[in-house]
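Hi everyone, thanks for making the time. I'd like to walk you through one structure this morning, starting from a single residue and working outwards.

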Amino acid sequence: MMEEAYGGISSDLCEPSEGCLKPLYRIEVDENYVTVTFDMPGAKKDEIRVSATEEMLAVEARLVEPVALMMGGPLQRKVSFTKYMRRIRLPAKVDPERASATYSKGLLSIRFPLERGGKAISIE
């Protein structure tokens, strides 16, 4: 019965079973770039891992110190988180080979040039 009360605790902000928080993020798109900024205070810069394809972005980072939160409904429990992890679909195709990233004051910013691929189609 206790497992039923605590089971299934997860949300858009965390995944308790994996001990990870899902960082908040903001996406900005202009005529040349897609920039994604993640709010990741307490992450270890040298342990941030970023991977991307033309359409997807994944980030993972270990926290300097674990974060503990009380979670659940009427029967709450203390849950510890040791890392950040988030995977998102990008709003436009990008060139991941030419991406750049910075981490400062808890903000991870990743800038992708837009993919300018495509093919002209002749009309007969």
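Let's begin at Met-40. Leaving out residues up to four places away in sequence, Met-40 touches Pro-23, Ala-61, Tyr-84, Tyr-103, Gly-106 and Leu-108. Met-40 is also among the residues with the most contacts inside the largest nonpolar core, together with Phe-38, Leu-57, Leu-90 and Leu-108. That core has 24 residues. Which elements give two or more residues to this core? They are β4, β6, β7 and β9, covering residues 33-39, 56-71, 77-89 and 107-113 respectively. The biggest giver is β6, with five residues.

Now a step back to the whole chain. Please keep in mind that this is a predicted model. The mean pLDDT is 85, and 88% of the residues reach 70 or more. The stretch to treat separately is residues 1-9, where pLDDT stays under 50. For that stretch the model has nine contacts beyond four places in sequence.

As for the fold, the protein has one helix and nine strands, and the helix comes ahead of the strands when you read from the N terminus. Among contacts with a separation of 6 or more, 54% are between residues 24 or more positions apart. Of the 124 residues, 32% count as buried. The accessible surface is about 8,600 Å², and carbon and sulfur atoms own 49% of that.

Let's go to strand β4, and to Thr-35 within that strand. Is Thr-35 buried or exposed? Thr-35 counts as buried, because its relative accessibility is 18% and the cut-off for buried is under 20%. Beyond its neighbours within four places in sequence, Thr-35 is in contact with two groups of residues: Arg-26, Ile-27 and Glu-28, and then Ser-109, Ile-110 and Arg-111.

Ile-27 takes us out to the surface. Together with Tyr-25 and Val-29, Ile-27 forms a nonpolar patch there, with about 250 Å² of accessible area between them. Val-29 sits in strand β3, which runs over residues 25-29.

The other two residues from that first group, Arg-26 and Glu-28, form a salt bridge with each other, with the closest N and O atoms 3.0 Å apart. Both partners are partly exposed: Arg-26 has 48% relative accessibility, and Glu-28 has 40%.

How many salt bridges does the whole structure hold? A search finds six. One of these is between Glu-47 and Arg-62, at 3.8 Å for the closest N and O atoms. Glu-47 lies in the loop between β4 and β5, while Arg-62 is in strand β6, so this pair ties together parts that are 15 residues apart in sequence. Glu-47 is partly exposed at 29% relative accessibility, and Arg-62 is partly exposed at 37%.

Then we have Glu-60 and Lys-83, whose side chains meet in a salt bridge at 3.8 Å, N to O. Here strand β6 supplies Glu-60 and strand β7 supplies Lys-83, linking parts of the chain 23 residues apart. The two ends differ in exposure: Glu-60 is partly exposed at 33%, whereas Lys-83 counts as buried at 16%. Finally, Glu-55, Arg-89 and Lys-93 are joined into one network by salt bridges that share partners.

That's my tour, and I'm happy to take questions.

Conventions
Residues are numbered from 1 along each chain as its sequence is written. This is a predicted model: local features need pLDDT of at least 70, side-chain atom pairs count only at pLDDT 80 or more; totals for chains, interfaces and linings use all residues. Side-chain values use heavy atoms; hydrogens and water are left out. A nonpolar core is a set of buried Ala, Val, Leu, Ile, Met, Phe, Trp, Tyr and Cys residues joined through side-chain atoms within 4.5 Å. Buried means under 20% relative accessible area, exposed over 50%, partly exposed in between (1.4 Å probe, protein chains only). Helices (H or I, at least four residues) and strands (E, at least two) are DSSP runs, numbered from the N terminus. Contact means heavy atoms within 4.5 Å. Accessible areas come from the Shrake-Rupley method with a 1.4 Å probe; for residues, only the protein chains shown count as cover. Patches are made of residues with over 30% relative accessible area and no salt bridge: like charges are joined within 9 Å, nonpolar side chains (Val, Leu, Ile, Met, Phe, Trp, Tyr) within 5 Å. A salt bridge is a side-chain nitrogen of Lys or Arg within 4 Å of a carboxyl oxygen of Asp or Glu. pLDDT is the predictor's confidence in each residue, from 0 to 100.
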